[in-house]
Amino acid sequence: MLKDKVRVKTFKIDEVDVTGRSDATILEVANEHGIKIPTLCYLEGLSSVGSCRMCMVEVKGAKGLVPACTSKIKEGMEVTTNSEKLQSHRKMVLSMIFAERTHTCSVCVSNGHCELQDQAIELGLEHSHVPYIHKNFEIDASHKDYVYDPNRCILCTRCIRVCDEVEGAHALDLFGRGIDSKIIHDMDEPWADSESCTSCGKCVQVCPTGSLFEKGLSATEMVKKKTIVTNLIQARKNK
């Protein structure tokens, strides 16, 4: 089979002509051209899973919305990143995320530094459009430095991916189904008893909410260092 010789493809994003590598995704090209598409599970340097559905965009000719973080670009495609349909979709997605767990911003350690909160403010989401579930999970504060609060987790799996793909420990995984899903350490053991965890803290830094945080911090004090992933990857490339 002949390999694809196309190295650069040209298409439109919001009626603007853009170009990108033939293996790039819509989101990557949009970011390169300063076109903002909202995301929650995506983080540069980690694999893309398309789980949060916030980056859905319209592609001319497609039957439905497509995830920008996992959809490869095509020559001549026409992409719309902002419309009434997309605004409505994103508000509903955020509503379901807020309703599924407990997100009381005023008492959260990441208040003011939370990506979920930022998205709600930017979209003008003033209340949830679906009933609240508020399933009560037990908080794991067994680690000497960090806390995991499943009640604030949005299941973006950034922590799982950074632990596996960057740290190489694979101490974290997703357990359960539906509203019972949660992040676990090893075989669902207390964090302090995990034999795989290296206590590097990368999972805490990439968490978009207050689900993973450092001990000893009060509300508004947990500022995440998301660039830890891209900085590490760049440092390895420069060796």
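Which residues lie nearest the centre of the largest cavity? I took up this question first, working on a predicted model.

**Entry 1: cavities**

I looked up the enclosed spaces and found four cavities of 30 Å³ or more in the structure. The largest cavity holds about 100 Å³ of space. I then listed its lining, which comprises 15 residues. Nearest the centre I noted Cys163, Leu172, Cys197, Cys200 and Cys203.

**Entry 2: lining of the largest cavity**

I asked which helices supply at least two residues each to this lining, and recorded α4 (158-167) and α5 (202-206). Of the contributors, α4 gives the most, with three residues. I sorted the lining by class and obtained nine nonpolar, four polar and two charged residues.

**Entry 3: helices α2 and α3**

I turned next to the packing of helix α2 (residues 84-100) with helix α3 (residues 115-123). Their axes lie 11 Å apart, and the angle between the helices is about 140°. I therefore entered α2 as oblique to α3, since an angle must be over 145 degrees to count as roughly antiparallel. I recorded the crossing of α2 past α3 as left-handed.

**Entry 4: residues at the helix contact**

Which residues of α2 and α3 meet? From α2 I listed Gln87, Arg90, Lys91, Leu94, Ile97 and Phe98. Their partners in α3 are Leu116, Gln119, Ala120 and Leu123. By class, I noted six nonpolar, two polar and two charged residues in the contact of α2 with α3.

Notes: Residues numbered from 1 in each chain as written. Predicted model: local features only at pLDDT ≥ 70, side-chain atom pairs only at ≥ 80, totals over all residues. Heavy atoms only, no water. Axes fitted to C-alpha atoms, helices over the stretch in contact; angles between N-to-C directions. Helix = DSSP H or I, 4+ residues; strand = E, 2+ residues; numbered from the N terminus. Parallel < 35°, antiparallel > 145°, perpendicular 65-115°, else oblique. Left-handed = near helix turned anticlockwise from the far one by under 90°. Contact = heavy atoms within 4.5 Å. Nonpolar A, V, L, I, M, F, W, Y, C, P; charged D, E, K, R; others polar. 1 Å grid on protein atoms, 1.4 Å probe; cavity = no way out; pocket = protein on both sides within 12 Å on 5 of 7 lines; lining within 4 Å. Points joined across faces, edges and corners; volume = space filled by probe spheres on them.
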